[in-house]
Amino acid sequence: MFSHHRCLVFLVPVLTLILPSWSALLLRAKPVFPDLYEASVAELQAGLKDGHFSSVDLVKAYFARIEEVNLNGPALRAVIETNPSAIATAAALDLERKRKGPRSALHGIPILLKDNIATVASEGMNTTAGSFSLLGSVVPDDAGVVKRLRKAGAIILGKANLSEFAHFRGNLASGWSGRGGQATNAYFPNADPCGSSSGSGIAASIGLAAVTLGTETDGSITCPTSNNNLAGIKPTVGLTSRAGVIPISEHQDTVGPMTRSMEDAAIVLSIIAGTDPNDNFTLAQPRVVPNFTKALNKNALKGKRIGVPRHVFLNATINDRSPEVTSAFEQALIVLRKLGATIIDPADLPSADDILASNDENVVLDVDFKIELNKYYASLKLNPSGVRNLADLIAFNNNNSALEKPQGFTDQSTYVPSPKPQIGASKMKFNLV
């Protein structure tokens, strides 16, 4: 009987003589990855440069990691969907690397985006803020930060779960969305991942992507960064573009990196920061974006004065903070002192009680949310649900309670009292939606 195996053995040396590149492909060993739990951007780039693996290999490896723990095993529910175009994009970037070299430190690096950051529908992914009301919607363009990532050669791996509408719906658990379900911290079963960038934090903590992006209005990068043991940066408003990001408030929203090291966070921030004509807040920054990695300096804290505002802000009763967190905070102050910082403790704010009592932030956010969310819905090229504004969204949730108001997740009280200022009245009055 004719043996296909003997034929292959015979052909390999022939191909070696005629087409060395083909023989190398046939004999290529399995890709050798660094530990994806902890692999840095620099380590991944070194492996790509040395040919230990390709970006296609890397995407497949991360897909396998997501398959292993997202809905199976511990069921972390960190990722809402993966990008069906990611492997093809990776293959094109691998070829470009061979022909021209890498575009940037993120060339061929897979990144997960929080699911309120828009990507063009033609790529095969949704942008929904975790809500079924936006499933199948068609955005007019990539978000500003996504354009910068693509230009740098990054690969959009998929969309991360989040607290629905960036936790601006009602009194719901952090990390829950209608589409994504309840995300959970990877460090302890059913532990709070915090939010609203919950999935981004979980995914970065357990190596489901090299780096992730989150968004923050008030704590939505910093809190999941803390709870998931990460390095995250909440940029100054206007340093990174919010164009194409499902909004809460133009006065407070920002987009930033969530990674496992400050070096990786600095690499990502250096790429996503910059002006964008579609976000006028970005036009106030300098035209040239600094390379934030040059600010990485282990001696940077020497001579710096850091204040500790204990009154109100560090009141465990007000903040419902556990003794373990308080202990870790005190240990962090010791580390800062050892690194050369001068700790001013306490450095209480005279206005701390006024800040605690004030509702000013909520007034601003409620007004901004209604105005800007309505604009976002109106900007869509298509939305199969028919939702075009906040009032429609409330009705959609009520009419689709199995999807959007399952038991334990029914509240949408943030939506309902969203205020509308009445201009010309002797006093500002607020109406319901």
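Helices (H or I, at least four residues) and strands (E, at least two) are DSSP runs, numbered from the N terminus. This is a predicted model, in which local features need pLDDT of at least 70, side-chain atom pairs count only at pLDDT 80 or more, and totals for chains, interfaces and linings use all residues. Residues are numbered from 1 along each chain as its sequence is written, and side-chain values use heavy atoms, with hydrogens and water left out.

**Whole chain**

Start with the full protein chain, which has 16 helices and 12 strands. Of its 433 residues, 46% count as buried; buried means under 20% relative accessible area, exposed over 50%, and partly exposed in between (1.4 Å probe, protein chains only). Contact here means heavy atoms within 4.5 Å. Among contacts between residues at least 6 apart in sequence, 69% join residues at least 24 apart.

**The six-stranded sheet**

Next, select β1, β3, β2, β6, β8 and β7. In that order they form an open sheet of six strands with mixed pairing, where two strands pair if DSSP finds at least two bridges between them. The edges are taken by β1 and β7 (231-232), each with a single partner strand, so one side of each has no neighbour in the sheet.

Now centre on strand β3 (residues 155-160), where six of six residues are buried. On one side, β3 is joined to strand β1 (residues 79-82) by three bridges, and the two run antiparallel. Two positions to label there are T82, which stands opposite G158 in β3, and E81, which stands opposite K159.

Strand β2 (residues 110-114) also pairs with β3, in the parallel sense and over five bridges. P110 has I155 in β3 as its bridge partner. Between β2 and β3 the chain crosses through helix α6 (residues 144-151), and this β-α-β crossover is right-handed. Right-handed means that, with the strands pointing away from the viewer, the path from the first strand over the helix to the second runs clockwise.

**Helices around the sheet**

Stay on α6 and show its side chains. G144, V145, V146 and L149 are buried in this helix. What do the buried residues of α6 pack against? They pack against β2, β3, β6, β8 and α10 (262-272). After α6 comes G153, with a positive phi near 90°.

Move on to α10. Nine of its 11 residues are buried, so α10 is largely enclosed by the rest of the structure. The buried set is D264, A265, A266, I267, V268, L269, S270, I271 and I272. Their cover includes α3 (41-50), α6, β6, β7 and β8. Just after α10, G274 has a positive phi of about 135°.

Then select α8 (198-205), which lies across β2, β3, β6 (211-216) and β8 (254-259) and runs at about 155° to β6. Axes are lines fitted to C-alpha atoms, for helices over the stretch in contact, and angles run from 0 to 180 degrees between N-to-C directions.

**The α4 and α5 pair**

Select helix α4 (residues 55-69) together with helix α5 (residues 86-100). They pack at an angle of about 155°, with their axes 7 Å apart. The two helices are therefore roughly antiparallel to each other; angles under 35 degrees count as roughly parallel, over 145 as roughly antiparallel, 65 to 115 as roughly perpendicular and the rest as oblique. At the interface, S55, V56, V59, K60 and F63 of α4 meet A86, I87, A90, A91 and D94 of α5.

**The disulfide**

Finally, display the cysteine sulfurs. How many disulfides are there? A disulfide is a pair of cysteine sulfur atoms within 2.5 Å, and by this rule the count comes to one. C194 is joined to C223, with an S to S distance of 1.8 Å. The link is right-handed, with 100° about the S-S bond. Its ends belong to distant parts of the chain, 29 residues apart: C194 is in the loop between β5 (181-182) and α8, and C223 is in helix α9 (residues 222-227). C194 is buried at 9% relative accessibility, whereas C223 is partly exposed with a relative accessible area of 27%.

Last, pick T222, which is also found in helix α9. T222 is partly exposed, with a relative accessible area of 43%. From C194 it is 28 residues away in sequence and 9.3 Å away in space, C-alpha to C-alpha. Leaving aside neighbours within four places in sequence, T222 is in contact with E216 and K234.
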